[in-house]
Amino acid sequence: MRTPVIAGNWKMHKTVDEAIRFVAALRETELPGNVETVICAPFLALPALVGEVQGTRIGVGAQNVHEKNEGAYTGEISVPMLRAAGVKYVIIGHSERRTYFAETDETVNQKVKAALGGGLVPIVCVGEVLEERESGKTKEVVQHQVKQGLNGLSPEAVAGVIIAYEPVWAIGTGKASTAEDAEEVISFIRKTVADLFGQQAAGQVRIQYGGSVKPENISTYIAQPNIDGALVGGASLQPESFSKLVQAAAAGDAS
Ligand SMILES: O=C[C@H](O)COP(=O)(O)O
């Protein structure tokens with residue numbers, strides 16, 4: 001039985017004060033125990049958020065990390081720094097980082113290894129662009145990303161990873177993948193993990209869907225046997241909406 005994960009990715013939104021106000025509002029709602037709830041915030045807000053979520057079921061994540069522990073890498077943040085701040089998760093290889101910051105499957109792999117080695121849970125993003133989808137290359141693309149991103153990991157390490165399948169054409173566009181399409185790709189990702197790391201790792205690894213997930217459509221994804229929650233951008237920015245997502249995921253998982 002895999003616990004679903006609802007992770008909010010705030011991207012480049014919210015000051016420290018806004019982040020604190022968000023958690024204060026979220027604390028007013030009852031967060032269910034059968035859903036892992038994560039907020040991935042800008043670096044500056046992370047220490048304050050870690051303090052604010054004390055005593056709640058909310059975990060805090062970063063949106064990126066450098067693969068080295070320390071050194072002359074101006075502007076970067078390392079795994080030990082995040083850990084020392086109380087951060088537990090980190091998004092790695094989001095399509096926006098691949099597109100705008102030249103991240104590759106190779107850097108994703110190095111960051112995943114650094115995160116796992118330092119005790120962070122990586123949320124590893126994969127997904128095809130529209131052109132790849134339209135030319136029938138979706139499975140080929142995600143298979144390659146999964147293979148390269150997880151290259152060299154042990155089956156035990158892979159079991160602790162979270163994979164987020166985010167078709168790039170669905171991100172921030174309002175054009176979400178249908179739950180059936182997402183299930184087809186995510187079950188293929190699970191099979192890929194089984195082929196590479198064995199059935200046990202494939203049975204344990206959690207695979208989310210991401211791309212225009214809203215309170216109105218989350219239940220359709222949660223109802224799928226292979227979809228273990230969602231990575232949510234826009235709809236995670238308001239506490240009411242984020243809370244609804246978590247509640248709906250909990251209800252869907254219980255049904
Ligand atoms: O990391 C989250 C995804 O990029 C999805 O963003 P979105 O929910 O705004 O489409």
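**Note on the predicted model: annotated sites and strand β8**

1. Glu166 counts as buried, because 28 other C-beta atoms lie within 10 Å, where 20 or more are needed for that class. This reading, like the others below, rests on a predicted model. Glu166 is found in the loop between β6 (162-165) and α9 (179-197), and, not counting residues up to four places away in sequence, Glu166 touches Ser95, Cys125, Gly127, Ile171, Gly210, Gly211 and Leu231.

2. In an unreviewed entry, UniProt gives the annotation "active site" to His94 and Glu166. Although these positions are spread over 73 residues of sequence, they cluster in space, with a largest C-alpha distance of 8.5 Å. His94 is found in the loop between β4 (89-92) and α4 (95-100), and His94 counts as buried because 28 C-beta neighbours lie inside 10 Å. Not counting residues up to four places away in sequence, His94 touches Gln63 and Cys125; Cys125 is also listed among the residues that Glu166 touches.

3. Which residues carry the UniProt feature "binding site"? The unreviewed entry places this feature at Asn9, Trp10, Lys11, Gly172, Ser212, Gly233 and Gly234. These residues span 226 residues in sequence, yet no two of their C-alpha atoms are more than 14.0 Å apart, so they gather at one spot.

4. The ligand in the model is surrounded by 14 residues, of which the closest are Asn9, Ile171, Gly172, Gly233 and Gly234. By class, this shell holds five nonpolar, eight polar and one charged residues. Asn9, Gly172, Gly233 and Gly234, named here among the closest, also appear in the UniProt "binding site" record.

5. Two of the annotated binding-site positions can be described in more detail. Trp10 is found in the loop between β1 and α1 (16-27) and counts as buried, because 23 C-beta neighbours lie inside 10 Å; leaving aside neighbours within four places in sequence, Trp10 is in contact with Ile39, Cys40, Ala41, Pro42, Ser236 and Leu237. Gly233 is found in the loop between β8 and α12 (239-254) and is likewise buried, with 21 C-beta neighbours inside 10 Å. Leaving aside neighbours within four places in sequence, the contacts of Gly233 are Asn9, Lys11, Ile171 and Gly172.

6. Strand β8 (residues 229-232) directs Gly229 and Leu231 one way and Ala230 and Val232 the other way, and all are buried. In a regular strand, the side chains alternate between the two faces of the sheet. Strand β1 (residues 5-9) pairs with β8 in the parallel sense over four bridges, in which Ala7 has Leu231 as its bridge partner. Strand β7 (residues 206-210) also runs parallel to β8, joined by two bridges, and Tyr209 stands opposite Ala230. Leu231 appears again among the residues touched by Glu166, which belongs to the annotated "active site" in the UniProt record.

7. Is Ile227, in the loop between α11 (218-222) and β8, buried or exposed? Ile227 is buried, since 24 other C-beta atoms lie within 10 Å. Not counting residues up to four places away in sequence, Ile227 touches Ala182, Glu183, Ile186, Ile207, Tyr209, Tyr221 and Ile222, and Tyr209 is the residue that stands opposite Ala230 in β8. The C-alpha atoms of Ile227 and Ser187 are separated by 8.1 Å, although these residues are 40 residues apart along the chain.

Note on methods. Residues numbered from 1 in each chain as written. Predicted model: local features only at pLDDT ≥ 70, side-chain atom pairs only at ≥ 80, totals over all residues. Near = placed C-beta within 6 Å. Nonpolar A, V, L, I, M, F, W, Y, C, P; charged D, E, K, R; others polar. Buried ≥ 20, exposed ≤ 12 C-beta atoms within 10 Å, placed from the backbone. Pairing = 2+ DSSP bridges. UniProt positions renumbered as here; feature names shortened; annotations may be inferred. Contact = placed C-beta atoms within 7 Å.
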